[in-house]
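Me: Got a minute to go through a structure with me? I'd like to talk about the strands first and then a couple of side chains.

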Amino acid sequence: MKILAIDTAAEWCAACLWDDGSGRLLGSEARDIGKGHAEALMGVIGAALDRAGASYPDVGAIAVSVGPGSFTGVRIGVATARGLALALKVPATGVGTLDALAFEAEPLARGRPVLAVLDARREEFYAALYGPGGAVHAAPAILDLRAVAALAGLMKPLIVGSGARQAAEAAGLDPDATALTDRRTAGIESFARLAARIGFGGERPRPLYLRGPDARPQDGFALPRSGA
């Protein structure tokens, strides 16, 4: 089965086509665009398919990053994945950003737990702790640095993600030996490979929002009544 994977949860806009049968990456495209995922995503998907020598009818399933990450980016990626799945009549599944980071780190962890940490700004972090094989020891949550340090000190894990160094230092661990990466998301191939492990029999993908959007209605604002 050929899996189309999509990730728009961070600054990157990425897509790939992964052949689960042969275990090969057929083609991928990743662009560090910052913002503007809505305008770029279909072009990125098209480029990934072109590199794979494939087209939309070749897609057998879709995987999409569901966050945590950029509120707008996650929403765009999930909506696109669900729309394509409906149009192509193929299953779709969501893959967490923290899950994918931990999955990517498994070979380097060598049996150690993996703590995935993303800097959520405002002195907060998205974090989750995983055991071998992706077993969830602490589910994704938004935490302050003290709580993240407590997780890091609990099992002396390998720490990955954009908040890895801060977490290691706060826990009194050597960041050079413990913190693996400062990336805000995993490589796009990891989303496809992890989706193949998870399977496609569950519910449709939906965003994992651990914190509300930054844009909020202005307090006390209301439209005037008709005829007022």
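What follows is a short chat about the strands and two residues.

Me: Before we start, what kind of model is this?

Reply: It's a predicted model, where local features need pLDDT of at least 70, side-chain atom pairs count only at pLDDT 80 or more, and totals for chains, interfaces and linings use all residues. Residues are numbered from 1 along each chain as its sequence is written, and side-chain values use heavy atoms, with hydrogens and water left out.

Me: OK, is strand E2 enclosed or open?

Reply: Strand E2 covers residues 12–19, and 7 of its 8 residues are buried, so the rest of the structure largely encloses it. Buried means under 20% relative accessible area, exposed over 50%, and partly exposed in between (1.4 Å probe, protein chains only). Strands here are DSSP runs of E with at least two residues, helices are runs of H or I with at least four, and both are numbered from the N terminus.

Me: How does E1 pair with E2?

Reply: E1 (residues 2–7) pairs with E2 in the antiparallel sense, over 6 bridges. Pairing means that DSSP finds at least two bridges between the strands. Ile3 has Trp18 in E2 as its bridge partner, and the two strands form a hairpin with 4 residues between them.

Me: And what joins E2 to E3?

Reply: 8 bridges, with E2 and E3 (residues 24–32) running antiparallel. Ala15 stands opposite Glu29 in E3. That hairpin has 4 residues between the strands, and Gly23 takes a positive phi near 65 degrees there.

Me: Since you mention Glu29, is that residue buried or exposed?

Reply: Buried, because its relative accessibility is 12%.

Me: Which side chains does Glu29 make polar contacts with?

Reply: The Glu29 side chain has a polar contact of 2.9 Å with that of Arg31, and another of 2.9 Å with that of Arg51. A polar contact is a pair of N or O atoms within 3.5 Å; within protein, one must be able to donate a hydrogen and the other to accept it, and residues adjacent in sequence count only if both atoms are side-chain atoms.

Me: Switching topic: where does His37 sit?

Reply: His37 is in helix H1 (residues 37–52). At 5% relative accessibility, His37 counts as buried. Its side chain reaches the backbone oxygen of Trp12 at 3.3 Å.

Me: Which residues is His37 in contact with, leaving aside its neighbours within four places in sequence?

Reply: Thr8, Ala10, Glu11, Trp12, Cys13, Gly73 and Ile76. Contact means heavy atoms within 4.5 Å.
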